[in-house]
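User: Please take a close look at one part of this model, and then follow its surroundings outward into the rest of the chain. I would like the contacts and distances stated explicitly, with the cut-offs behind each term.

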Amino acid sequence: ELPDSGGAGKFRGGLSAESCFIPHNTDHIVQDTLSSGNAIPTSTGMMGGYPSTTNAYTFIRNSDILERMADSRLVEDASEVTGEPELLQLRQENFVQNAADVYAVRWSGGGGFGDPLLRDSERIAHDLEHLNITPAAARDIFGAVLDADEQVDVAATAKNRDQIREARLTRLGNGHAPREIHSGEATLAAGDNLAVYGTSNAAHWACAHCAADLGPLADNYKDVCLREDLPVSRSNPLVGDPFNFIDDAVAFRLFYCPACGSQIDNEIAVERDPVMRDIELAL
């Protein structure tokens with residue numbers, strides 16, 4: 001199983017795994033590849049959850065793996081062996097794997113559900129202990145603060161997450177007028193980060209965390225949110241460079257509440273494409 005391969009979220013997606021092998025009792029193996037989802041994740045998150053990793057091939061020719069095995073020096077990951085890396089294409093036929101060539105295959109895991117900044121600190125600690133996530137992901141994606149022993153500091157984590165949300169408003173919120181804050185109980189919970197206030201033609205989207213108005217129900221709530229476009233590699237630590245396989249530039253778009261800075265949603269899309277409309281409701 002691969003740390004960080006499951007999509008980050010309030011509830012983390014299931015991990016994927018990787019198989020790595022060399023020829024045994026034969027001089028070579030003739031291989032084919034048959035894959036999709038290597039450029040961008042196909043197992044997307046929901047309600048602000050991040051996607052899982054992409055599918056991936058690792059192929060290293062003329063490696064030192066046989067010398068390592070003769071010396072009883074096993075490896076934790078194919079990246080530890082020396083050799084000549086070769087980029088395999090998604091439909092590559094009849095390539096030869098020789099005795100010292102290392103071939104690894106990784107596949108997609110499960111997407112996350114909900115905002116990663118809302119993941120309970122105890123769950124993050126459990127993930128770190130069981131190698132489900134790396135310390136870097138705990139800090140950079142989940143907003144956790146770790147002490148010198150890489151244990152989660154609960155109070156410091158809560159403070160850091162508030163600072164992350166405030167920083168979003170400062171960085172992206174210039175020129176945004178203050179949003180109306182709805183009062184009373186929501187008409188409908190429309191997701192982990194979305195609520196609906198009002199009924200019929202008067203119904204409006206709202207942030208589920210602070211009740212800030214996000215526009216009429218007939219419109220796309222993302223158009224009111226603060227938007228940040230990041231490289232797709234920021235959506236999951238194991239995602240590689242999409243340009244190895246596709247020509248179009250793609251982005252990891254994140255949408256934040258303009259009042260409290262909470263993440264409302266995200267999407268991965270070709271840069272020139274319009275914002276997606278994921279949810280439509282009729283009351």
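Analyst:
**Close view and surroundings**

Gly 112 is buried, its relative accessible area being 2%; buried means under 20%, exposed over 50%, and partly exposed in between, with a 1.4 Å probe and protein chains only. The model is a predicted one, in which local features need pLDDT of at least 70 and side-chain atom pairs count only at pLDDT 80 or more, whereas totals for chains, interfaces and linings use all residues. Residues are numbered from 1 along each chain as its sequence is written, and side-chain values use heavy atoms, with hydrogens and water left out.

Gly 112 belongs to the loop between β6 (102–106) and α2 (121–129); helices (H or I, at least four residues) and strands (E, at least two) are DSSP runs numbered from the N terminus. Leaving aside neighbours within four places in sequence, Gly 112 is in contact (heavy atoms within 4.5 Å) with Gly 7, Ala 8, Phe 11, Arg 12, Gly 13, Gly 45, Met 46, Gly 49 and Tyr 50. Between the C-alpha atoms of Gly 112 and Gly 14 the separation is 8.1 Å, although the two residues are 98 apart along the chain.

Further along the sequence, Arg 119 and Asp 127 join their side chains in a salt bridge of 3.1 Å, N to O; a salt bridge is a side-chain nitrogen of Lys or Arg within 4 Å of a carboxyl oxygen of Asp or Glu. Both ends are withdrawn from solvent by the criterion above: Arg 119 counts as buried at 5% relative accessibility, and Asp 127 is buried at 1%. The structure holds 16 salt bridges.

Arg 119 also takes part in the environment of a second arginine. Arg 161, located in helix α4 (residues 154–172), reaches the backbone oxygen of Arg 119 with its side chain at 2.9 Å. The backbone oxygen of Leu 117 is likewise reached by the side chain of Arg 161, at 2.9 Å. Such polar contacts are pairs of N or O atoms within 3.5 Å; within protein, one must be able to donate a hydrogen and the other to accept it, and residues adjacent in sequence count only if both atoms are side-chain atoms. Despite being buried, Arg 161 has no salt bridge, and the nearest side chain of opposite charge, Asp 120, is 7.3 Å away; here Lys and Arg count as positive and Asp and Glu as negative, while His and the chain ends are not counted. Not counting residues up to four places away in sequence, Arg 161 touches Pro 116, Leu 117, Leu 118, Arg 119, Ile 124, Phe 142 and Gly 143.

Helix α4 leads on to a sheet. The helix lies across β11, β12 and β13 and runs at about 95° to β11; axes are lines fitted to C-alpha atoms, for helices over the stretch in contact, and angles run from 0 to 180 degrees between N-to-C directions. These strands form an open sheet of 3 strands in the order β11-β12-β13, with antiparallel pairing, where two strands pair if DSSP finds at least two bridges between them. Its edge strands, each paired on one side only, are β11 (226–230) and β13 (263–270). On average, neighbouring strands of this sheet are turned by 20° against each other, direction ignored.

A salt bridge ties helix and sheet together: Glu 228 pairs with Arg 171, with their closest N and O atoms 2.9 Å apart. This pair links distant parts of the chain, as Glu 228 is in strand β11 and Arg 171 in helix α4, 57 residues apart. Glu 228 is buried at 14% relative accessible area, whereas Arg 171 counts as partly exposed at 44%.

Within the sheet, strand β12 (residues 250–256) pairs with β13 in the antiparallel sense over 7 bridges, and Phe 252 stands opposite Ile 268 in β13. Glu 267 and Arg 253 form a further salt bridge, the closest N and O atoms being 2.6 Å apart; this pair connects strand β13 to strand β12 across 14 residues of sequence. Both Glu 267 and Arg 253 are buried. Salt bridges with shared partners join Lys 222, Arg 253, Glu 267 and Asp 278 into one network.

For the chain as a whole, there are 4 helices and 13 strands, and buried residues make up 45% of the 283 residues. Of the contacts between residues at least 6 apart in sequence, 65% join residues at least 24 apart.
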